[in-house]
Amino acid sequence: MARDVLVLVEHSEGKVESLTSQLLAIGSRLAKEMKVELVAAAIGHRMENVVEALQGKGIDRILVVDDPGLALAGGEVQAHVFAEIGKQVEPRLVLVGYSLVGMELTPAIASKLRMNALTNCVNIELRDGVITVTRPLFDGTIHAQIALEENATAVVALQKGPAILTAPLAKKAVVQSITIDVNSIPSRSRVLEITEEPKGDVDLGKAEIIVAVGRGIGDQEKIHFTAELAEALGGTLACSRPVVDVGWLPRERQVGASGKSVAPKVYVACGISGAIQHLTGMRDSKRIIAINKDPNAPIFQVAHIGVVGDLFEIVPALTKAAQEAQTR
Amino acid sequence: MNIVVCCKAVPGLVTDLKIGADGKAIQYQGQLLAINECDEYALEEALALKRSHGGQITAISMGNIKALDILYYALAKGADKAVRVDCESQDPRVASNVIASALGKLDFDLVLTGTQSRDTLGGQVGIAAASLLGIPFAYAVVEVEARENNTVKVRKELGGGRYAEVELMLPALLCVQTGIQPLTFVPPARRIRARQQPVASFSLADLGLQVDQLAPRGYRFIAVRPPERTHQVELLQGSPQEIATALLNKIRESL
């Protein structure tokens, strides 16, 4: 019968993604409460470093598929391999990271295993013995709590949340190698290469102050208000995805899941509603200031300081105050 | 190249939100149904591919009669045909089964859709439907290049500024990212004219599906409400100048 908690490991260049470490911390707590095993599945090629990095995270068993055919595997093949592992483990819960990679794999794996998938979750916990998840709806303005029926299984894809710090655990995971004939998996797609965004002149990762502009600015002609604020504060101008999508600022200034992840000392979000994909890239900033006219905007869920108001009044006033402070 | 674009009608404003009596669905009054923005980008990409490679575009949407509005909008934008699947469900497993069955009735080389809908934020139906149909798929696609040998080459996002170049044999399904093409404006006159075009309708019976097969199962909603704040946000009030002074102090003490 389905019982264990299975975490699907995401890794690149021999390193385990921080989102996976977060899943393992959550999964280890859940497994303990459910009195079941925490199992991790890691697939790829030359997996020694990944397997090593998975030790000390409270895992009972690490299942590894190490095959040259997985070095550059596409979604079809990866989903197939993970589903095969799922069939062997028969887990109660499969935990996946809601990254761009996880978003591609989750529905395919769930459909192969005939399981429900609950995606985009911000929380999972055992509440009075019932597995309960929380996930956003309607642009993040509403959160729904969903309880799994008794004995029901699910693939749960969790968003990157605030970092969870855990001390290494003494428990040594048993490593089991699984052989799957990867070459015989039916696949009508292939990954040709992995590329990186060319490095531009802007290094958001090094900025101590970031002034970020969102769709709320309304017009490319008005971007200068935020650019001037960034300059007056000695900071760097950044933006959310919609601003890049309409071509108002270049891709290198984009903060979020598909752009840069940043954690500056100060992050000033101007007219950014706070889509999940954006929050993922900036929620670890030390101090988040949000200026938005909508008091229900999800950005206020992560902001430390908020101003509900017109950014065309607040931003120029703040620019002026910063300029005056400089000259004084 | 024949392309099907899956698009969803999503509400702009939602009121009277509550959990249905059986706990399986959320009920609400949805105002101003519009095409889901991600799906509109999928439509734009389909139009761009049609301009360079020819073929027909079919827009398909699952929903009640109100979903017709976005299908007329798709026709006004340049889709050749439109199909409404008469089924209402927010359950991703149900929706992907229905959409996969409907796609099975259509002739296509490529299916394009967005990455997620703004109402349920699930992002499942496209990939799940592809998986059910056994066709290759790619998520978060930012470039599509149609090739001679019955394949497409796409560039898709992996996150953090990394991309994968993937070759897919047709037929295939792609979930495209926002911004893949610029959104174009549709003159009101064209939108009015489009309302005279026919929209085909598939019932569940047409698709060989039965209503009771399509009940969500395995979970129930127990609460819907505005998000709990994990920490208290300090809201500043006053004149813009007062707020600016306070903000500047806060910024300085953070450095």
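**Entry 1: the two domains of chain A**

I began with the distance between the domains of chain A in this predicted model, and found that the C-alpha centres of domain 1 of chain A and domain 2 of chain A lie 33 Å apart. For the bounds I took the domain assignment, which places domain 1 at 5-184 and domain 2 at 204-327 of chain A.

I then looked up how these two domains meet, and noted that 13 residues of domain 1 of chain A are in contact with 10 residues of domain 2 of chain A. Between them the two domains of chain A bury about 770 Å², with 54% of that area on carbon and sulfur atoms. On the side of domain 1 of chain A, I wrote down L100(A), Q159(A) and K160(A) as the residues that lose the most area to domain 2 of chain A, together 43% of what that side buries.

I searched for pairings across this interface and counted zero salt bridges between domain 1 of chain A and domain 2 of chain A, while two residue pairs are in polar contact there. The residues of domain 1 of chain A that touch domain 2 of chain A are five nonpolar, six polar and two charged.

**Entry 2: aromatic pairs**

Next I searched the whole structure for aromatic pairs and found three over all chains. In one of them, the rings of F225(A) and F312(A) have their centres 5.7 Å apart and their planes at 65°, and because planes over 60 degrees apart count as edge-to-face, I entered this pair as edge-to-face. I also checked where the two residues sit: F225(A) lies in helix 5 (residues 223-233) of chain A and F312(A) in helix 9 (residues 311-327) of chain A, so the pair ties together parts that are 87 residues apart in sequence.

**Entry 3: where chain B meets chain A**

I turned to the interface of the two chains, where 82 residues of chain B are in contact with 80 residues of chain A. The area buried between chain B and chain A is about 7000 Å², and carbon and sulfur atoms give 56% of it. In chain B, the residues that lose the most area to chain A are L121(B), P227(B) and I251(B), although together they account for 8% of what that side buries.

Which polar pairings cross between the chains? I found 43 residue pairs in polar contact across the interface of chain B and chain A, and the salt bridges across it number eight. Helix 6 (residues 240-254) of chain B gives the most to the side that touches chain A, with 11 residues, and that side of chain B divides into 43 nonpolar, 18 polar and 21 charged residues.

**Entry 4: salt bridges, one by one**

Over all chains I counted 29 salt bridges in the whole structure. One of them pairs E157(B) with R241(A), whose closest N and O atoms are 3.1 Å apart. E157(B) lies in strand 8 (residues 151-159) of chain B and R241(A) in helix 6 (residues 241-245) of chain A, so this pair joins two chains. I also looked at R215(A), which forms a salt bridge with E37(B), with the closest N and O atoms 3.1 Å apart.

**Entry 5: backbone details**

Last, I checked the backbone, keeping in mind that most residues other than glycine have a negative phi, and that most peptide bonds are trans. E13(A) has a positive phi of about 50° although it is not a glycine, and I located E13(A) in the loop between strand 2 (11-12) and strand 3 (15-16) of chain A. In chain B, a cis peptide bond with omega of about 0° joins L170(B) and P171(B), and P171(B) is found in the loop between strand 9 (162-169) and strand 10 (172-176) of chain B.

Key:
Residues numbered from 1 in each chain as written. Chains lettered and ligands numbered in written order. Predicted model: local features only at pLDDT ≥ 70, side-chain atom pairs only at ≥ 80, totals over all residues. Heavy atoms only, no water. Domains from an automatic or database assignment. Contact = heavy atoms within 4.5 Å. Buried area = accessible area lost by both parts, 1.4 Å probe. Salt bridge = Lys/Arg side-chain N within 4 Å of Asp/Glu carboxyl O. Polar contact = N/O pair within 3.5 Å; in protein donor to acceptor, adjacent residues only side chain to side chain. Nonpolar A, V, L, I, M, F, W, Y, C, P; charged D, E, K, R; others polar. Phe/Tyr/Trp six-rings, centres within 6.5 Å; stacked < 30°, edge-to-face > 60°. Helix = DSSP H or I, 4+ residues; strand = E, 2+ residues; numbered from the N terminus.
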